[in-house]
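User: I would like to go through this structure by question and answer. Please keep the replies short and end each one on the result.

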Amino acid sequence: MKLDQNRFFLVRTQSIPIGRRLPFDLFLKISGDIILFKRSGDILPQRRLEDLIKHSIKEIYLLKNQKTLYLNSLKEIVKDPDSPDELRGRFIKETAFNHIEDLFSNKDVSTVAEESTDLVEDMVEFISTDLSAATTLMKLSTHDYYTYNHSVNVSVYSIAICKSVLGDDKKLLVTAGLGGLLHDLGKRKVDLKIINKPGKLDSQEWEEMKRHPGYGYDLLQDVPTISEDIKRIVHEHHEHMDGTGYPKGLTETQILKLSRIASVADVFDALTTKRSYKEACPAKEALEIMANMPLGKFDPNVFKMLETKLDKKTDITLDKSVDPCLPHLHFKKAS
Ligand SMILES: [Fe+2]
Ligand SMILES: [Fe+2]
């Protein structure tokens with residue numbers, strides 16, 4: 001009997017818990033058909049997982065009606081103090097990725113947005129001010145969907161930067177993390193042809209792209225658990241201190257501190273992520289590039305925390321028009 005593919009969702013092979021009883025069934029796609037691989041109650045041993053990876057089986061199919069069981073089993077591992085950090089980090093990211101997938105595809109944005117708080121609380125507990133730890137977490141698994149991956153990364157970086165700049169207030173850190181997670185939500189409403197366009201955007205397309213902060217703000221309007229500050233991060237993450245940003249052209253104190261943090265996190269992730277047209281910059285180099293960006297883009301106090309860790313001898317700058325939402329980031333050598 002052929003199984004209906006619409007009943008399944010995909011997870012990365014490495015995100016299946018190994019060596020413990022699975023509370024859900026696993027399926028593989030073989031020659032176009034979905035086949036039962038492990039039943040609920042079975043154990044997936046490490047060597048079996050390695051076999052799958054060796055045979056380039058990167059994705060496992062799970063039943064949609066077992067998604068909560070899957071997410072709960074990841075959560076158990078994340079909460080277990082005996083779990084190694086690498087594993088906790090990987091599963092936090094996997095859970096976050098699943099949320100983002102839902103945020104961008106599920107019609108009911110508000111329920112998914114509400115559920116995100118729990119996840120961000122786990123992230124806050126895991127992330128230290130050590131930016132390299134955050135960077136490591138981000139590199140633990142790579143996904144093909146840029147916007148999803150990017151949203152999780154910006155959330156992690158926002159938490160790390162917020163911790164350094166504003167201290168250890170958990171409520172504030174969760175707000176920063178949720179703002180990062182949701183910051184590009186408005187891209188749901190932008191035509192995929194624009195989002196995925198490989199070349200330069202024409203002026204009309206660019207105008208539409210610039211509406212995504214406003215679209216995101218509107219989408220969250222009626223979600224009671226999403227605070228006004230989180231909505232403002234979504235709305236203001238492309239504003240610049242000198243008023244050259246969008247959508248409103250706000251300046252300095254008109255922009256929420258947490259939005260300024262999200263803006264730094266946003267550019268940092270755009271630079272350190274590999275895209276089809278560019279290699280990823282190492283974190284240190286990305287920070288150097290940002291240090292050489294025209295004054296007025298970032299809040300200097302937010303950026304100072306990062307800058308103190310930099311070697312200032314650099315000859316790379318970013319094009320003045322750089323925007324993390326442009327399909328291409330242009331680099332140029334300083335003369
Ligand atoms: Fe954006
Ligand atoms: Fe972004």
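User: Is Ser56 buried or exposed, and what is its relative accessibility?

Analyst: This is a predicted model. Ser56 sits in the loop between α1 (46-54) and β4 (59-63). Exposed means over 50% relative accessible area. Ser56 passes that cut-off and so counts as exposed, at a relative accessibility of 54%.

User: What is phi of Ser56 near?

Analyst: Ser56 is a residue other than glycine, yet its phi is positive. The value is near 60 degrees.

User: Where does Ser31 lie, and what is its phi near?

Analyst: Ser31 counts as exposed, because its relative accessibility is 76%. Its place is the loop between β2 (26-30) and β3 (33-38). Here too a residue other than glycine has a positive phi, near 45 degrees.

User: Which peptide bond is cis?

Analyst: Look at the loop between α11 and α12, where Pro247 is placed. Omega is near 5 degrees for the bond that leads into Pro247. The cis bond is the one from Tyr246 to Pro247.

User: How many helices and strands does the protein chain have, and what share of its residues is buried?

Analyst: The chain has 14 helices and six strands. Among contacts with a separation of 6 or more, 66% join residues 24 or more positions apart. Of the 335 residues, the buried share is 52%.

User: Which protein residues are donors of the iron ion (ligand 1)?

Analyst: The donors lie 2.1 to 2.2 Å from the ion. Along the chain they follow the spacing D-x27-H-x24-H-H. Asp184 gives an OD atom and the histidines give NE2. The donors are Asp184, His212, His237 and His238.

User: Why is the arrangement around the iron ion (ligand 1) irregular?

Analyst: Four donors count as tetrahedral if all angles lie between 85 and 135 degrees. The four donor atoms here subtend angles of 84 to 176 degrees, which makes the arrangement irregular.

User: What parts of the chain do Asp184 and His212 link, and are they buried or exposed?

Analyst: The pair links distant parts of the chain, 28 residues apart. Asp184 is in the loop between α7 (170-182) and α8 (192-195), and His212 is in helix α10 (residues 212-220). Asp184 is buried, because its relative accessible area is 0%. His212 also has 0% relative accessibility, so it counts as buried.

User: Which protein residues are donors of the iron ion (ligand 2)?

Analyst: The sequence spacing is H-x32-H-D-x81-D. Donor distances are 2.2 to 2.3 Å. The angles among the four donor atoms are 73 to 171 degrees, and the site is irregular. The donors are His150, His183, Asp184 and Asp266.

User: Which residue coordinates both iron ions, and how far apart do the ions lie?

Analyst: Asp184 appears among the donors of the iron ion (ligand 1) and among those of the iron ion (ligand 2). The bridging residue is therefore Asp184, and the ions lie 3.6 Å apart.

User: How many residues apart in sequence are the parts tied together by Asp184 and Asp266?

Analyst: Asp184 and Asp266 are both buried. Asp184 lies in the loop between α7 and α8, while Asp266 lies in helix α12, so the parts they tie together are apart in sequence by 82 residues.

User: Which elements help cover the buried residues of α11?

Analyst: In helix α11 (residues 228-236), the buried residues are Ile230, Lys231, Ile233, Val234, His235 and Glu236. Their cover includes α7, α10 and α12 (257-272).

User: At what angle do helix α4 and α7 pack?

Analyst: Helix α4 (residues 109-126) has residues that meet α7, among them Leu119, Val120 and Val124. On the α7 side, the residues include Leu173, Val174 and Leu178. The contact has seven nonpolar, three polar and three charged residues. The crossing is right-handed, the axes are 9 Å apart and the angle is about 115 degrees.

User: What separates the C-alpha atoms of Ser158 and Ala262?

Analyst: Ser158 is in helix α6 (residues 146-166). It counts as buried, because its relative accessibility is 1%. Leaving aside neighbours within four places in sequence, Ser158 contacts Ala176, Gly180, Ile261, Ala262 and Ala265. Ser158 and Ala262 are 104 residues apart along the chain, but their C-alpha atoms are separated by 5.6 Å.

Technical notes: Residues numbered from 1 in each chain as written. Chains lettered and ligands numbered in written order. Predicted model: local features only at pLDDT ≥ 70, side-chain atom pairs only at ≥ 80, totals over all residues. Heavy atoms only, no water. Donors = N, O, S within 2.8 Å, 3.2 Å for Na, K, Ca; no water. Tetrahedral: all angles 85-135°; square planar, octahedral: opposite > 155°, others 65-115°. Helix = DSSP H or I, 4+ residues; strand = E, 2+ residues; numbered from the N terminus. Buried < 20%, exposed > 50% of the residue type's maximum accessible area, 1.4 Å probe, protein only. Contact = heavy atoms within 4.5 Å. Axes fitted to C-alpha atoms, helices over the stretch in contact; angles between N-to-C directions. Left-handed = near helix turned anticlockwise from the far one by under 90°. Nonpolar A, V, L, I, M, F, W, Y, C, P; charged D, E, K, R; others polar.
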